[in-house]
Each structure stands twice: as structure tokens, then as C-alpha cells.
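Thank you all for coming; I would like to spend a few minutes on the charged side chains of this structure and on how they pair up. Please have a look at the sequence and the fold before I go on.

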Amino acid sequence: QVQLVESGGGLVQPGGSLRLSCAASGSIVSINYMGWYRRAPGKQRELVAVVPKSGSTNYADSVKGRFTISRDNAKNTVYLQMDSLKPDDTAVYFCNAAINTALTLRDYWGQGTQVTVSS
């Protein structure tokens, strides 16, 4: 059984910062890419950022220069540092990872963490 557990969401004023964390646990052999998605009220889920096991990161245009994704392979954890937050960043943020277990390679999702940017 594999689980992704997110933390770090909350309420922040415009221009503020938050750091999200997502830890993967369970019968993990290896993890390919790890990333963050978000779903704003009334909108479809969108990719925010993704980081492969090795190589270049990729960001949505709307967050480039403000958000930074990183991962700690030893801890099976991915982070999202969010700076200069805007009200449009308000959404539920979901962690996603492509994980190899002894039996399968598939996508796993976290339960989501709410980020609200408001004065």
C-alpha cells in the first residue's frame, strides 16, 4: 500500500509565502516523477509543477518565477515553495507521483491541501 500525505496548506495574505510538502510511504521501490496539481473553485485541475527523478523541472506559466518545486529522494518527499502568492493561486493542491512497487508502476495522488490567498 502506497500513500501520499500532504501538509503545509493554509490561509495567507497576497504577497505571502507557503511551503507545501508531500511524503510518499509504503512498499516503494522507486519514484519516477513527482508533481503538484491544483483545482480552483469552478475550474478544472491543472498542472502546477513537476520534477523528474533527475533532470529539469517544469512549471505552469502562471507560477513561473514564483513557485519552486524540489524533491528529497532519500525521504521520498516533494516540496512546493510558493512565493508572491496571488488570490488566483487559491485552490486545493494535490500531490502526484509515479511510483514503482514490487507489482506495478502507477500514479498515486494525495488527499489535497487547501491554499487560500486572501486579505
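Let me begin with Asp 89 and Arg 66, whose side chains meet in a salt bridge with an N to O distance of 2.7 Å, and let me say at once that this is a predicted model. This pair links distant parts of the chain, 23 residues apart, since Asp 89 lies in the loop between strand E8 (77–82) and strand E9 (91–100), while Arg 66 sits in the loop between strand E6 (58–59) and strand E7 (67–72). Are these two residues buried or exposed? Asp 89 has a relative accessibility of 1% and therefore counts as buried, and Arg 66, with a relative accessible area of 10%, is buried as well. The pair also belongs to a network, in which salt bridges that share partners join Arg 66 and Asp 89 with Arg 38 and Glu 46.

Within that network, Arg 38 forms a salt bridge with Glu 46, and the closest N and O atoms are 2.7 Å apart. Here Arg 38 is buried, at a relative accessible area of 6%, whereas Glu 46, at 33% relative accessibility, counts as partly exposed.

Turning now to another pair, Lys 64 forms a salt bridge with Asp 61, with 3.1 Å between the closest N and O atoms. Lys 64 counts as partly exposed at 49% relative accessibility, because the partly exposed class runs from 20% to 50%, and Asp 61, at a relative accessible area of 65%, is exposed.

Taken over the model, the count comes to 4 salt bridges.

Technical notes. Residues numbered from 1 in each chain as written. Predicted model: local features only at pLDDT ≥ 70, side-chain atom pairs only at ≥ 80, totals over all residues. Heavy atoms only, no water. Buried < 20%, exposed > 50% of the residue type's maximum accessible area, 1.4 Å probe, protein only. Helix = DSSP H or I, 4+ residues; strand = E, 2+ residues; numbered from the N terminus.
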